[in-house]
Amino acid sequence: MSDAAANPALAASTSRIAAALGALPHGMPQSPDGPVIEVELANLHAALRALREHAGFELCTFVTCIDHYPTTPRFALHHQLLSLAHNDRVRVRCVLPGESAPTCTDLWPGANYMERECFDMFGVRFEGHPDLRRLLMPDGYDHHPLRKEFPHQGIEPDRLYRQWDRARRASWAEESR
Amino acid sequence: MGSLKPVGPESNEAHGSGFLATRADFLINWGRKHSLWPMPLGLSCCGIELMGLLGPKFDLARFGAEAARFTPRQCDLLIVAGTLTWKMAQAARTIYDQMPDPKWVIAMGVCSSSGGMYDSYSVVQGIDSIMPVDLYVPGCPPRPDAVIDAVLKLQKKIEREAPLRRLVGTDSPADARAEAGTGKLVFQPNRGLPKGAADKHAHDPKSRLPFADPLPRKTGVKP
């Protein structure tokens, strides 16, 4: 294996991850920035738990989604993990058949806001998330801005503000009557 | 008109007794324009330039506007410095409403003036779609000098206001002249305000007339 000869650290990382995942079905293609673990949705949470507990990935640095519209299934969830002990990073990729995924906040509480942002921007619902509200867009907004079909100038971006303004003025008119 | 000199070069008597004759409008405006109290609404990088403006190097105190307060209830000049998002718009409008009259607004930087480079779903395309604006300062961000220029222009603008007209509620001095001698009551406070508005404190945002929704923007249409 020429890869292992050229990069012993990468070889050690790959074998550590393979040992942690054990019999869990997964693919592990190499990308320019390290190994990518591809798992099915059903195995996602188990794979993340195994990586955290047996491969030393104690930090989840990023959770995001990629919209591959118009191909179906369109969403692919990405977890970027970091091991400080082994100075190692790995990415876990999971293609979502629908629009929901298991949360990983029980493994890494810091993933809370990242999953909220992912829900806000892509509409991916994280089952079991303690507080799945929008993070950046106002509450009550109907759309998910980073989906491919969303126009970049937005869909009625001022609707919620106008609603709030009208309700406020109506209540004042009620008071002064 | 428009001066604080004593009446007449020969009226030493009046001068010596401490009298001044001037227009009330002028005197009120003179006081207002030299004691602006800015409310710094720093929303992004323009806020850093605003801090430089209020600091010792550019020193807005030279123009009487250094007393920045971080509560809108003590301010009469709202400086919106930076990118206003639709989520923040409610807060910005509430801050504007909480400022006592008379009040002025400076849109600092292209983001607050027109949305700037953020032609995007989350950004208000110009704060004039949610509140009236007196002055727009271009720049990304504008240098503090540009904002000083805006404050000086705002002082010129305040000079042209007629605060007494607002007090007596006449639409124009011509109306007041027409009514004089006809037996009609010239002094009608709050004429033209909606019913019940006069019951509230003048500083209550609820007593203000609504600011109309803007016309839909025409983009890419040439006249």
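Where in chain B does Asp59(B) lie? Some notes on that and other spots follow.

1. Asp59(B) lies in the loop of chain B that runs between helix H3 (46-54) and strand S2 (77-81). Do keep in mind that this is a predicted model. The backbone at Asp59(B) caught my eye: its phi is near 55°, a positive value in a residue other than glycine. Asp59(B) is partly exposed, with a relative accessible area of 27%.

2. Chain A has its own case of this. Glu156(A), again not a glycine, has a positive phi of about 45°. Look for Glu156(A) in the loop between strand S7 (125-127) and helix H5 (159-176) of chain A.

3. Now the cis peptide bonds. One joins Thr72(A) and Pro73(A), with omega at about -5°. Pro73(A) sits in the loop between S3 and S4 of chain A. Another joins Cys140(B) and Pro141(B), with omega at about -10°. For Pro141(B), the place to look is the loop between strand S4 (135-137) and helix H6 (144-159) of chain B.

4. If you were wondering about disulfides, a search of the whole structure turns up 0 over all chains. Take Cys65(A): it is in no disulfide, and the nearest cysteine sulfur, that of Cys118(A), is 4.7 Å away. Cys65(A) is also buried, at 4% relative accessible area. In chain B, the sulfur of Cys46(B) has its closest cysteine sulfur in Cys45(B), 5.3 Å off, which is too far for a bond. Cys46(B) counts as buried too, with 6% relative accessibility.

5. On to what holds the nonpolar residues. The largest nonpolar core has 38 residues, and Leu51(A), Leu77(A) and Leu81(A) are those with the most contacts inside it. The elements of chain A that give two or more residues to this core are helices H2 (8-21), H3 (41-54) and H4 (111-122), along with strands S2 (34-39), S3 (59-67), S4 (75-83) and S5 (88-96). A second, separate core has 22 residues, including Leu50(B), Phe63(B), Leu154(B) and Ile158(B). As background, nonpolar side chains tend to be buried together in soluble globular proteins.

6. Leu81(A) is worth clicking on. Setting aside neighbours within four places in sequence, Leu81(A) is in contact with a mixed group of residues, among them Leu48(A), Leu51(A), Phe57(A), Leu59(A), Val90(A), Val92(A) and Trp108(A). Asp88(A), Arg89(A) and Thr61(A) are also among its contacts.

7. H4(A) deserves a look of its own. This helix has 12 residues and reaches 16 Å from its first C-alpha to its last, close to the 16 Å expected at 1.5 Å a residue. Because 10 of those 12 residues are buried, H4(A) is largely enclosed by the rest of the structure. The buried set includes Met114(A), Cys118(A), Phe119(A) and Phe122(A), but also Asn112(A), Glu115(A), Arg116(A) and Asp120(A). What do the buried residues of H4(A) pack against? They pack against S3, S4 and S7 of chain A. Just after the helix, Gly123(A) takes a positive phi of about 80°.

8. Stepping back to chain B as a whole, there are 8 helices and 4 strands, in the order α-α-β-α-β-α-β-α-β-α-α-α along the sequence. Of its 223 residues, 36% count as buried. Chain B exposes about 12,800 Å², with carbon and sulfur atoms supplying 59% of that. Among the contacts in chain B with a separation of 6 or more, 70% come from residues 24 or more positions apart.

9. H2(B) makes a neat example. In this helix (residues 24-33), the buried residues are Asp25(B), Phe26(B), Asn29(B) and Lys33(B). Seen down the axis of H2(B), they fall within an arc of 95°, so they line one face of the helix. An α-helix has 3.6 residues a turn, so residues three or four places apart point the same way.

10. Last one: is Thr83(B) buried or exposed? Thr83(B) counts as buried, at 17% relative accessibility, where the cut-off is under 20%. Thr83(B) lies in the loop between S2 and helix H4 (86-98) of chain B. Not counting residues up to four places away in sequence, Thr83(B) touches Leu43(B), Ser44(B), Cys111(B), Tyr118(B) and Val123(B).

Note on methods: Residues numbered from 1 in each chain as written. Chains lettered and ligands numbered in written order. Heavy atoms only, no water. Disulfide = S-S within 2.5 Å. Buried < 20%, exposed > 50% of the residue type's maximum accessible area, 1.4 Å probe, protein only. Contact = heavy atoms within 4.5 Å. Areas by Shrake-Rupley, 256 points an atom, 1.4 Å probe, with all protein chains shown as cover. Core = buried A, V, L, I, M, F, W, Y, C linked by side-chain atoms within 4.5 Å. Expected span 1.5 Å × (residues − 1). Arc of directions from axis to C-beta.
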